[in-house]
Structures are given as structure tokens and as C-alpha cells.
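Let's take a look inside a protein and see what fills it and what stays empty. Keep the 3D view open as you read.

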Amino acid sequence: MPSPFPGMDPYLEGEMWQEFHSTLANAIRGEILASLPPAYTALLAKRYVLDQTSTAPHTIYPDVHIAKIAESLPAYAVAPARAPIPRLPVRLMNPRIVAEKVPMLSIEIRDVAKRRLVTLIEILSPANKRSQGAGEYQARRRKLLDQKVHLLELDLLRGGERILLWGDLPPAAYYIMLSRAEDRPTTEVWPVALAETLPAVPVPLLPPDADLIFDLQGAVDACFDLVHYERLLDYTAAPPPPSLTADEVAWVEATLQRAGIRHSPVSVP
């Protein structure tokens, strides 16, 4: 079966993301090539980003300390001054931070005659949206915006830092952003809610050629048809971070129930 979700599958935002990222880049390129005019081609470009990660399997940064009050004392009681304070030995965990090279695939639309870059399609990854990788991506983005290149950015991740734009983005789970070379500094933004299907996306070409339109949802569905991610994702657990709102939790629960998937209720931390 395909993903039980009508749009982006929130369960991909975890350990399967990097694999999905590469499959999606290939699917988008394949769809674009099928309708691209002969004067253009679509190429895959790979680069590597340093992503700082911890060697610890799970790193938790609590901002609330929860303690259980002994049942023998009421909540407001004060222990006698002479009562010894029990010593609790705790081992400190000091995980080593390592910089991992993460491959990034983007799609380049180039004209055949001069091989010049016309449009760059970026699929954002967690490494683009946190720590050192976010700074690297913003610097790369600024260089691209200084050129006569159209930039199409697909942010299909709920977590991490958003692209820096003037003004506030409308609330949404995902964003598609298109910066046309001739319209800068204006950027076209498509906000997509968790429950919505992904839209058809315009890909600008050189004038006087009209935009090419590709079906982003169709590309995501093709990835599921090819790899069957629904067999690899644990729909019995809550989706990976970041946390969902109460309304989103209810929608995820109802969607999985309609799909006939048995699972434990998704909870909000």
C-alpha cells in the first residue's frame, strides 16, 4: 500500500529521511525530464555537508525536572534538619561530538547549448536546518541569489530552522519557496499543512519558455511505490520530533485508523 497520509508522511522525518531524500531527488528529476523541452536537461548534483552529531544514541535536553514526592510526607512537609540527605551517585555522560559528511542531492536545470544553470531545485535536509549546516546552506543560498538563477526550495521537514525571509511565514508544516531571478527580492511561498496534499510546483525556464509544472505529490508517491517506505516506518509509535499539536495528533490518529493500521495512541509530550 502507499503512505497512509494524503500528503507528506511525517514518519519519514527520522532515520529514513536521508534514504528518502536521494530517492525523491531521482523521482523529481525523472518527472521533469519526461516533459522538459529539448533545449534543457536535468542533472543531479551531489555535494557533502558537515553535520555535527553526537555519538550518544539519544541526547535529551530537559527543561523541566520531574520528581516523585515520597508518599510518607505531604507535599508541603519539610524534612527535619537532622535527616541525612541520601547520596545518589550518577555517571555523567559526555558524548563525543563528531562531524559527519552527509550527501546532498539537488536537481540542476541547465540549457543544453551553453550548459548554464537555469534553475536549481534544493530539497532541504536536517543537516541544512541545524547547527553548522544551516549556516553553510544560508551562505550557499546567498551566493545563488546573487546570480541570475531561479531557486526552488522544497522544505518538507517540520523541524529545524526555516529559510530566512522578510516577514513572518504563515503557519504550516511544510513550505515550497520559489525565488525567480527576475523577481528578486520577492519570493513565492506555498505553505502546506500536514493534512494537505503537496501541490504542483512551477519550474521556471529561460524566457520566452513557459514554466514547467511537476507534480510534487506524484513524485513522493512514486518513491513509496518504488521502495515501499510504508513497510519500513513504525506507524505504531508517535511520529519523529518535532512534537505535533493536539489537533495534528488527532488527525494522525484518525488517518491511521482509516488506513486500518493498528497502533497505540499517539501522545503529545
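## A pocket and its lining

Start with the second largest pocket of this predicted model. By class, six nonpolar, three polar and four charged residues make up its lining. The pocket holds about 340 Å³ of space. It has 13 lining residues, and the ones closest to its centre are Arg-141, Leu-145, Leu-164, Leu-165 and Pro-185.

Which helix gives the most to this lining? That's helix H2, running over residues 131-145, with four residues.

## A closed-off space

Now for the empty spots. Rolling a probe the size of a water molecule over the atoms shows where empty space is left. How many cavities of 30 Å³ or more turn up in the whole structure? The search finds just one, and about 50 Å³ of space lies in the largest cavity.

Want to find the largest cavity on screen? Look for its lining: Leu-124, Asn-128, Lys-129, Ala-134, Tyr-137, Gln-138, Glu-161, Arg-162 and Ile-163. Sorted by class, that's four nonpolar, two polar and three charged residues.

## The nonpolar core

Next up is the largest nonpolar core, which has 49 residues. Which of them touch the most other members? Ile-28 and Ile-32 do. Helix H1 (residues 17-35) gives the most to this core, chipping in six residues.

Zoom in on Ile-32 and skip its neighbours within four places in sequence: Ile-32 is then in contact with Ala-42, Ile-109, Ile-121, Val-203, Leu-212 and Phe-214.

Key:
Residues are numbered from 1 along each chain as its sequence is written. This is a predicted model: local features need pLDDT of at least 70, side-chain atom pairs count only at pLDDT 80 or more; totals for chains, interfaces and linings use all residues. Side-chain values use heavy atoms; hydrogens and water are left out. On a 1 Å grid over the protein atoms alone, a cavity is a set of points where a 1.4 Å probe fits but cannot get out, and a pocket is an open set with protein on both sides within 12 Å along at least five of seven lines; lining residues have an atom within 4 Å of a point. Grid points are joined across faces, edges and corners, and a volume is the space filled by probe spheres set on the points. Helices (H or I, at least four residues) and strands (E, at least two) are DSSP runs, numbered from the N terminus. Ala, Val, Leu, Ile, Met, Phe, Trp, Tyr, Cys and Pro count as nonpolar, Asp, Glu, Lys and Arg as charged, and the others, Gly among them, as polar. A nonpolar core is a set of buried Ala, Val, Leu, Ile, Met, Phe, Trp, Tyr and Cys residues joined through side-chain atoms within 4.5 Å. Buried means under 20% relative accessible area, exposed over 50%, partly exposed in between (1.4 Å probe, protein chains only). Contact means heavy atoms within 4.5 Å.
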